[in-house]
Amino acid sequence: MSSVSRRDFLKSGSLGTGALFGSGLFSSGTYGAIDPNGKPAILGGDAPSYDAGPAWPPLLGDELQRLESVLQSRLWCRSGQPQCVTNDFEAAFAEHCGAKHCVAVNSGTSALICTLSALELGPGDEVITSPYTFVATINCIISHYALPVLADVDVESFQVCPKAAEKLINDNTRVLLPVHIGGNPPKMDSFLALSQQYNIPVVEDACQAHLARYNGKYVGTLGKAGCFSMQVTKNIACGDGGAILTDDDALAERLFKIHSNGRSQGTAGFDFRYEPLHAGNYRMTGFQAALLLSQLATAQQRHAIRNENALYLSSLLREIPGVYPQKIYDGAESAWHLYMFRIVPEEFGCSRDAAVQALCAEGISCYGGYGTGDWVNYIKSIYSTPAARRVYSEKALDDWAERIQLPNLERLCCEAVWFGQAQMLAPKENMDIIADCLRRIQKNAADIAANV
Ligand SMILES: Cc1ncc(COP(=O)(O)O)c(C=O)c1O
């Protein structure tokens with residue numbers, strides 16, 4: 001591979017331009033050749049010149065103007081200020097995703113809590129979800145004193161398995177909560193079929209999956225409602241924020257009231273009428289919405305860059321013994337919030353942890369991802385309080401724990417490797433660098449295993 005300047009690459013490449021990220025965020029480094037048969041850095045070889053992608057969150061150039069406009073308007077909060085710019089973000093996000101309604105909230109966790117409130121989840125109810133997820137998915141169920149029932153994953157896709165989920169459905173199941181982990185959709189047609197068959201609503205945890213698609217539709221619009229996070233690392237970000245999409249008029253109205261202490265849309269100033277709902281203050285301010293409007297305007301272009309890079313990287317990694325890029329189901333397009341693959345130690349030649357260490361030594365940041373979470377003990381411990389014990393006896397919790405069997409999760413947590421989404425925004429050449437480094441790590445895996 002010849003050396004090529006970053007500026008030349010951007011001028012000639014098929015991928016996006018610096019304008020998508022504002023000016024000055026890319027360094028103008030050059031790329032050196034890497035010998036995929038050479039010595040890995042962890043064994044004393046030279047580390048490559050590698051671009052970790054643009055700084056995140058991106059600064060797009062119009063933020064200050066948008067924030068100042070909110071500041072000057074004095075419409076900072078939608079409670080009592082029905083003209084707040086939060087409405088504009090809701091309209092824009094709903095339109096972009098093809099949903100009838102959007103309710104903006106202050107986090108992804110809040111999006112999930114409000115949606116489960118709107119579906120009247122309560123003590124004794126069960127929600128079937130994925131164990132391979134961020135803890136907020138579990139916490140939002142616990143906040144209703146309901147039981148998270150964890151279905152095992154498909155190791156190949158990293159996603160919750162609908163067949164495992166079906167086995168866990170019983171008379172207490174109130175919600176199916178598939179998670180699009182890493183931005184990669186699970187087998188949603190199967191979850192939607194289960195929803196129909198058992199008359200249980202699907203709520204999508206799409207917190208990592210902005211602009212992912214399934215059978216041509218944006219995720220978050222497939223089930224009864226879809227929940228998003230706009231926390232700072234997310235593909236559309238404003239610091240902390242969230243959103244709920246739904247096509248259901250009545251649900252949207254309820255969600256609005258629930259996210260604003262029971263007050264209706266359009267309520268102004270000192271109008272203190274409210275509905276008796278399981279509500280709270282989960283509102284998004286005008287400042288968060290202003291940042292999101294800026295991000296949303298170019299999000300699709302960044303998505304296209306991630307998608308092109310990630311698919312290319314998968315085509316390269318698939319050729320390396322013991323390396324398995326995550327499976328994308330037919331009809332699905334990932335948001336690539338995480339680029340995830342597996343290292344199978346018996347085939348690769350060293351453990352996942354040693355391989356991660358070796359990649360990091362090459363200057364390529366990567367992570368082993370979620371641990372198994374020890375969810376049963378986590379949940380049992382939270383439900384050990386006197387209040388929880390009035391709902392769940394020790395025997396009830398033991399019976400529930402016996403149903404949670406997660407052998408695939410155990411395996412996945414020992415094999416997974418993650419890259420962050422910004423790495424998929426680097427020039428395509430960086431995908432070759434990642435693959436070449438991993439190739440030379442694999443060729444020297446026995447040495448690495450002996451020395452690390
Ligand atoms: C899968 C998943 N669900 C829920 C959340 C919660 O979102 P937030 O951090 O915005 O509350 C996250 C955030 O990382 C997430 O990754």
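The ligand is surrounded by 14 residues, with Ser107, Gly108, Thr109, Ala136 and Ser229 the closest. Two elements, α4 (108-118) and α5 (135-142), are the ones that give two or more residues to this shell. The model is predicted. Two open sheets of 3 strands are described below, one parallel and one antiparallel. The largest nonpolar core holds 127 residues.

**Ligand shell**
- By class, the shell residues are 4 nonpolar, 9 polar and 1 charged.
- Gly108 and Thr109 are among the closest residues.
- Ser107, Ala136 and Ser229 also belong to that closest group.

**Parallel sheet**
- The strand order is β3-β2-β6 in this open sheet, and the pairing is parallel.
- β3 (147-150) and β6 (173-177) are the edge strands; each has a single partner strand, so one side of each lacks a neighbour in the sheet.
- On average, neighbouring strands here are turned by 25 degrees against each other, direction ignored.
- Strand β2 (residues 126-129) runs parallel to β3, and 4 bridges join the two.
- Glu126 has Leu147 in β3 as its bridge partner.
- Glu126 and Ile128 point one way from β2.
- Val127 and Thr129 point the other way.
- Each of these β2 residues is buried, whichever way it points.

**Antiparallel sheet**
- A further open sheet has 3 strands in the order β9-β8-β13, paired antiparallel.
- β9 (217-218) and β13 (332-333) form the edges, and each pairs on one side only.
- Strand β8 (residues 213-214) is joined to β9 by 2 bridges in the antiparallel sense.
- Arg213 has Tyr218 in β9 as its bridge partner.

**Nonpolar core**
- In soluble globular proteins, nonpolar side chains tend to be buried together.
- Of the 127 residues in the largest nonpolar core, Ala243 and Ile244 touch the most other members.
- Helix α9 (residues 286-317) supplies the largest share of this core, with 10 residues.
- Leaving aside residues up to four places away in sequence, Ala243 touches Phe93, Cys102, Ala104, Val105, Ala111, Phe228 and Met230.

**Points to check in the viewer**
- For the ligand, start from Ser107, Gly108, Thr109, Ala136 and Ser229.
- For the parallel sheet, look at Glu126 and Leu147, a bridge pair between β2 and β3.
- For the antiparallel sheet, look at the bridge pair Arg213 and Tyr218.
- For the core, start from Ala243 and Ile244.

Methods:
Residues are numbered from 1 along each chain as its sequence is written. This is a predicted model: local features need pLDDT of at least 70, side-chain atom pairs count only at pLDDT 80 or more; totals for chains, interfaces and linings use all residues. A residue is near a molecule or strand if its C-beta atom, placed from the backbone, lies within 6 Å of it. Ala, Val, Leu, Ile, Met, Phe, Trp, Tyr, Cys and Pro count as nonpolar, Asp, Glu, Lys and Arg as charged, and the others, Gly among them, as polar. Two strands pair if DSSP finds at least two bridges between them. Axes are lines fitted to C-alpha atoms, for helices over the stretch in contact, and angles run from 0 to 180 degrees between N-to-C directions. A nonpolar core is a set of buried Ala, Val, Leu, Ile, Met, Phe, Trp, Tyr and Cys residues joined through C-beta atoms within 7 Å. A residue is buried if 20 or more other C-beta atoms lie within 10 Å of its own, exposed if 12 or fewer, and partly exposed in between; C-beta atoms are placed from the backbone. Two residues are in contact if their C-beta atoms, placed from the backbone, lie within 7 Å.
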